[in-house]
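Please open the model in a viewer and keep the selection panel at hand. The tour below moves from one selection to the next and states what is found at each stop.

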Amino acid sequence: MLRRKSNRTIFFIGLALVLLLAACQSGETTAVPNEVTFTARANSFSGPDTIPAGWTELRLANEGPEFYHMQLMRLDEGKTVADLTAALAESPVAPAWARHYGGPNPPHVGESSTAVVFLEPGEYALIDTVPGKDGTPHVHHGMAKAVRVEANGNGTAVEPEADAVIDMFDFNFTVSRSLVAGKQTIRVNNRGEQPHELFLARLAPGKTVNDLLASLAPDAPPEAIDWRALGGVSVIESGDHSYFTVDLEPGTYALLCFAPEDHSGAPHFMMGMMQEFVIE
Ligand SMILES: [Cu+2]
């Protein structure tokens, strides 16, 4: 009798452990990255000065009249946002003491886009290298903000799960798993040796990625922008990865990288990083 009771006790302790383990695991799978929102307006970013380290979903709300993106750059000790802005005025190629950590690429005017990045503690510059209507990158018109990433982050923030994968190489994109209509999270890997980014846009019917590029020329009329900016991931370093979520409807899409080539400074799309794909 005693023996049977003790077996039952062991059984219930075991059951309790199994339930506890299941609860812990379900807690892990429902954890999400920290969410942080920044707002872009004409010549300014607004948002927090300090954010926690770890997997972070950065949201960019575009409340300005042009296209903006967020480019996070981690600065080596002793370097400032002003130092970075001055260096980028000399060359579009970032100095070795500033490391690209991505961020959301441009949403359409009045809309928002997100990207999930892994942030290590440190001092960062949040800049916008997208050129304004005058052809000058917004970073030189005040779109540069200091952001501190602190180690006391949300310990439960986890990396997202991807529905599709796009690899970036020197100098092309490869869609490793097929993209489909509907909402999906895309993992973006930089498998090249240079820093790369991914900008996604939906083209107007019958238009090509070349039409999109022509619409960005300083003398192009405003109505030439007949495509929709859908964000993507701004520049990340070789070997790094990031995520973004997008809702794709049937149509033709363009992938572009505007990052400057390490030596010539020429935008990567001129070297082949421009591609179209179709969603049925
Ligand atoms: Cu590139």
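Select strand 5 and strand 8 (residues 122–127), which pair in the antiparallel sense over 5 bridges. Pairing here requires that DSSP finds at least two bridges between two strands; strands (E, at least two residues) and helices (H or I, at least four residues) are DSSP runs, numbered from the N terminus. Within this pair, Leu75 has Glu123 of strand 8 as its bridge partner.

Two remarks on conventions apply to every stop. Residues are numbered from 1 along each chain as its sequence is written. The model is predicted, and local features need pLDDT of at least 70, side-chain atom pairs count only at pLDDT 80 or more, while totals for chains, interfaces and linings use all residues.

**Strand 5 and its other partner**

Keep strand 5 (residues 71–75) and add strand 6; the two pair in the antiparallel sense over 3 bridges. Leu75 has Ala98 as its bridge partner in strand 6, and Arg74 has Arg99 there. Is strand 5 mostly covered or mostly open? It is mostly covered, with 4 of its 5 residues buried. A residue counts as buried if 20 or more other C-beta atoms lie within 10 Å of its own, as exposed if 12 or fewer do, and as partly exposed in between, with C-beta atoms placed from the backbone.

**The mixed sheet**

Extend the selection to the 5 strands of this open sheet, whose order is 3-9-8-5-6 and whose pairing is mixed. Strand 3 (50–52) and strand 6 (98–100) are the edge strands, each pairing on one side only. Neighbouring strands of the sheet are turned by 35° against each other on average, direction ignored; axes are lines fitted to C-alpha atoms, for helices over the stretch in contact, and angles run from 0 to 180 degrees between N-to-C directions.

**Helix 2**

Select helix 2 (residues 81–90) and colour Val81, Leu84 and Leu88, which are buried. Viewed down the helix axis, the buried residues fall within an arc of 60°, so they line one face of helix 2; the arc is that of the directions from the helix axis to the C-beta atoms. The face turned away from the buried side carries the exposed residues Ala82, Ala86, Ala89 and Glu90. Strand 5, strand 6, strand 8 and strand 9 (144–150) are among the elements that cover the buried residues of helix 2.

**The nonpolar core**

Centre the view on Ala125. Which residues does Ala125 touch, not counting residues up to four places away in sequence? They are Met73, Leu75, Val81, Leu84, Ala98, Ala144 and Ala146; a contact requires C-beta atoms, placed from the backbone, within 7 Å. In the largest nonpolar core, which has 61 residues, Met73, Ala125, Leu126, Leu198 and Leu256 touch the most other members. Such a core is a set of buried Ala, Val, Leu, Ile, Met, Phe, Trp, Tyr and Cys residues joined through C-beta atoms within 7 Å. Strand 14 supplies the largest share of this core, 5 residues.

**The antiparallel sheet**

Move to strand 13 (residues 196–202), which pairs with strand 14 in the antiparallel sense over 5 bridges. Leu198 stands opposite Val233 in strand 14. Widen the selection to the open sheet of 4 strands in the order 14-13-16-17, where the pairing is antiparallel. Strand 14 (228–236) and strand 17 (274–279) stand at the edges with a single partner strand each, so one side of each is left without a neighbour in the sheet. Neighbouring strands of this sheet are turned by 20° against each other on average, direction ignored.

**Two loop positions**

Select Asp170 and Phe171, which are joined by a cis peptide bond with omega of about 10°. Phe171 lies in the loop between strand 10 (164–169) and strand 11 (172–175). Next select Asn43, in the loop between strand 1 (34–41) and strand 2 (44–46). Asn43 has a positive phi of about 65° although it is not a glycine, and it counts as partly exposed because it has 15 C-beta neighbours inside 10 Å.

**The whole chain**

Finally, display the full chain, which comprises 3 helices and 17 strands. Of its 280 residues, 35% count as buried. Colour by pLDDT, the predictor's confidence in each residue from 0 to 100: the chain averages 90, and 88% of the residues score at least 70. Over residues 17–30 the pLDDT is below 50, and this stretch has 1 contact in the model beyond near neighbours in sequence.

How values were computed. Contact = placed C-beta atoms within 7 Å.
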